[in-house]
Amino acid sequence: MTTYRDAYTDIGDSEQPGGTTSYCTPAAHFSAEQGVMPGDFWTDVEFTYGTGEGSGGRWAQLTGCINPSTLDRLNVNDDGGQYDSSGGSEGTGNPVGSVCTGYNHYVELIEPAGPRACIRCCDEEEDCPTTMDTAGCPEVVPGNYFDCA
């Protein structure tokens, strides 16, 4: 997951060149440049995958509840925001050039005050909507959110 580079930062304040970094589960961690997500970051999480209704392209996603206090990058009172590979003013992502390995596009929302998060990686851009960043996880990445509140 893409997250803030500096501790206790709101997503909106990290949306600038150099303001983010990636964090991975221990199983997905492959570079010293990545942080390792604590094992108890996701309190309830569901992995699902499928193909886009119109596109036929593959997608895979994680949806669920998080414990934002386990990752010092997060401000637990932040309402959250979105990172993606294809949005932004130039359509080059936020952060620019970010990717979901093995896919062409991704959209991710972290909502620490929720407390929930979601990420969807897609072959086709239409399966990863980047224009609904204030709508929240359930609208952008439909899935199981386990009544996170």
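## Reading a predicted model: sheet, pocket, backbone and salt bridges

Colleague: Where would you start with strands S7 and S8, and how many bridges join them?

Modeller: Keep in mind that this is a predicted model. Seven bridges join strand S7, residues 105-111, to strand S8, residues 116-122, and the two run antiparallel. For one pair to look up on screen, Val107 stands opposite Arg120 in S8.

Colleague: In what order do the strands of the open sheet come?

Modeller: Reading across, the order is S4-S5-S8-S7-S6, five strands with antiparallel pairing. Strand S4 (42-51) and strand S6 (81-84) are at the edges with a single partner strand each, so one side of each has no neighbour in the sheet. From one strand to the next, the twist averages 10°.

Colleague: Now the pockets, please. How much space lies in the largest pocket?

Modeller: The general idea first: rolling a probe the size of a water molecule over the atoms shows where empty space is left. In this model, the largest pocket holds about 910 Å³ of space. It is lined by 32 residues, and the closest to its centre are Met1, Cys24, Val99, Cys100 and Thr101.

Colleague: Which elements give two or more residues to that lining?

Modeller: They are strand S2 (20-24), S4, strand S5 (58-66), S7 and S8. S2 provides the largest share, five residues. Sorted by class, the lining has 18 nonpolar, 11 polar and three charged residues.

Colleague: Let's turn to the backbone. Which peptide bonds are cis, for instance the ones leading to Pro95 and Pro115?

Modeller: As background, most residues other than glycine have a negative phi, and most peptide bonds are trans. Here the bond from Asn94 to Pro95 is cis, with omega near 5°, and Pro95 sits in the loop between S6 and S7. The bond from Gly114 to Pro115 is also cis, with omega near -20°, and Pro115 belongs to the loop between S7 and S8.

Colleague: And what about phi: is it positive or negative at Tyr8 and at Phe146?

Modeller: Tyr8 is not a glycine, yet its phi is positive, about 55°. You will find Tyr8 in the loop between strand S1 (2-4) and helix H1 (11-14). With 59% relative accessibility, Tyr8 counts as exposed. Phe146 also has a positive phi, near 50°, and its place is in the segment after helix H2 (137-140). At 31% relative accessibility, Phe146 is partly exposed.

Colleague: Last topic: how many salt bridges does a search of the whole structure find?

Modeller: The search finds three. In one, the side chains of Asp123 and Arg58 meet at 2.9 Å, N to O. Asp123 is in the loop between S8 and H2 while Arg58 is in strand S5, so this pair ties together parts that are 65 residues apart in sequence.

Colleague: Are Asp123 and Arg58 buried or exposed, or something in between?

Modeller: Asp123 is buried, at 15% relative accessible area, whereas Arg58 is partly exposed at 39%. The cut-off to remember is that buried means under 20%.

Colleague: Which residues form salt bridges with Asp72 and Arg116?

Modeller: Asp72 forms one with Arg73, with the closest N and O atoms 2.8 Å apart. Asp72 counts as partly exposed at 33%, and Arg73 is buried at 13%. Arg116 forms one with Glu111, where the closest N and O atoms are 2.3 Å apart. Arg116 is partly exposed at 25%, and Glu111 is buried at 7%.

Conventions
Residues numbered from 1 in each chain as written. Predicted model: local features only at pLDDT ≥ 70, side-chain atom pairs only at ≥ 80, totals over all residues. Heavy atoms only, no water. Pairing = 2+ DSSP bridges. Helix = DSSP H or I, 4+ residues; strand = E, 2+ residues; numbered from the N terminus. Axes fitted to C-alpha atoms, helices over the stretch in contact; angles between N-to-C directions. 1 Å grid on protein atoms, 1.4 Å probe; cavity = no way out; pocket = protein on both sides within 12 Å on 5 of 7 lines; lining within 4 Å. Points joined across faces, edges and corners; volume = space filled by probe spheres on them. Nonpolar A, V, L, I, M, F, W, Y, C, P; charged D, E, K, R; others polar. Buried < 20%, exposed > 50% of the residue type's maximum accessible area, 1.4 Å probe, protein only. Salt bridge = Lys/Arg side-chain N within 4 Å of Asp/Glu carboxyl O.
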